[in-house]
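Please open the structure in your viewer, with the sequence panel alongside, and keep a selection tool and a distance tool at hand for the stops below.

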Amino acid sequence: MTHQPYHHGKLREALLARAKEFIEDAGVEGLSLRQLARDLGVSHAAPGKHFRDKQALLDALALDGFRELNARMTGASEAAGDHRSRFVGIAATYVDFAVSHPVLLAVMHSTKHHPDASDELRSIGEEGMRIARGLFTEAQDAGELASGDIERLALVCFVSLHGAALLAAGNLLDGASADDLTIATTDLLWAGMVAGLPASPGVGTV
């Protein structure tokens, strides 16, 4: 894949953009600061001014990825329409991001759960769940959804949609489209939330 040329004064942005391209093409294992330096035509030492090592680069990729995803999900949650249509919009946004950036999404989630993940990354990584909880709270207050544990509802929806997203990203839908799967999944989830989910202990957070 071709990449944008490096412009003086924006090396950090160029490194992140090229790293994002690289991992989607070749995976995370082959990613290195030295390779990125060669790709951008700068000295091998230059990336070290911005990222101390490969993990620091992955952390930055994860942060940028969550910021982009969160912005899209926020837009979907604030779009015109009723609560159900906005829920479908949020879900479609997540699945679309996963299909477009499967490796980046894996990096985002694995980095968020890394023992050394920063508080900033953990907080930004939870924003999607906060968006979902906010929408479900509004829908419950409006009488559109049955009362229930908002945290649990958001988790069940995340697990279902993340699974659908991974299948879609891996081309494992046996001919079904990602859009059709997203609609079917959100239909079932919304119906379950309208009816009310049975209590079940021991469900945590992601």
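The tour goes from the whole chain to its core and then to single residues.

**The whole chain**

Begin with the protein chain in cartoon view, bearing in mind that this is a predicted model. The cartoon should show nine helices and zero strands, so that the order from the N terminus on reads α-α-α-α-α-α-α-α-α. Turn the view along the principal axes, and the C-alpha atoms fill a box of roughly 60 × 40 × 35 Å. If you switch to a surface, about 10,700 Å² is exposed, and carbon and sulfur atoms supply 55% of that area. Of the 206 residues, 42% count as buried. Among contacts between residues at least 6 apart in sequence, 68% join residues at least 24 apart.

**Helix α3 and the core**

Next select residues 54-77, which form helix α3, and place the distance tool on its end C-alpha atoms: they are 34 Å apart, in agreement with the 34 Å that 24 residues should span at 1.5 Å a residue. At the start of α3, add D53 and Q55 as sticks, where a side-chain oxygen of D53 reaches to within 3.2 Å of the backbone nitrogen of Q55.

Now colour the largest nonpolar core, which has 58 residues, and highlight L31, F51, L57, F87, M108, F136 and M193, the members that touch the most others. Helix α3 gives the most to this core, with 11 residues. Which residues is M108 in contact with, leaving aside its neighbours within four places in sequence? Centre on M108 and you will find A62, G65, F66, L69 and F97 around it.

**Two threonines**

Move to T93, in helix α4 (residues 83-100). Is T93 buried or exposed? Its relative accessible area is 16%, under the 20% cut-off, and therefore T93 counts as buried. A polar atom of the T93 side chain lies 2.8 Å from the backbone oxygen of G89. Beyond its neighbours within four places in sequence, T93 is in contact with L69, R72, M73 and A76.

Then select T185, which lies in helix α9 (residues 178-195) and counts as buried at 14% relative accessibility. Here it is the backbone oxygen of L181 that lies 2.8 Å from a polar atom of the T185 side chain. When residues up to four places away in sequence are not counted, T185 touches S160, L161 and A164.

While both threonines are on screen, one point of helix geometry is worth recalling: an α-helix has 3.6 residues a turn, so residues three or four places apart point the same way.

**Two C-alpha distances**

For the next stop, go to A132 in helix α7 (residues 127-141), a residue that is buried, with a relative accessible area of 14%. Draw a distance from A132 to R86, C-alpha to C-alpha: the two are 46 residues apart in sequence and 10.0 Å apart in space.

Finish at E151, found in helix α8 (residues 150-169). With a relative accessible area of 28%, E151 is partly exposed, because this value falls between the 20% and 50% cut-offs. A last distance, from the C-alpha atom of E151 to that of M129, should read 8.3 Å, with their positions 22 residues apart along the chain counted as separation.

Technical notes. Residues numbered from 1 in each chain as written. Predicted model: local features only at pLDDT ≥ 70, side-chain atom pairs only at ≥ 80, totals over all residues. Heavy atoms only, no water. Helix = DSSP H or I, 4+ residues; strand = E, 2+ residues; numbered from the N terminus. Buried < 20%, exposed > 50% of the residue type's maximum accessible area, 1.4 Å probe, protein only. Polar contact = N/O pair within 3.5 Å; in protein donor to acceptor, adjacent residues only side chain to side chain. Contact = heavy atoms within 4.5 Å. Expected span 1.5 Å × (residues − 1). Core = buried A, V, L, I, M, F, W, Y, C linked by side-chain atoms within 4.5 Å. Areas by Shrake-Rupley, 256 points an atom, 1.4 Å probe, with all protein chains shown as cover.
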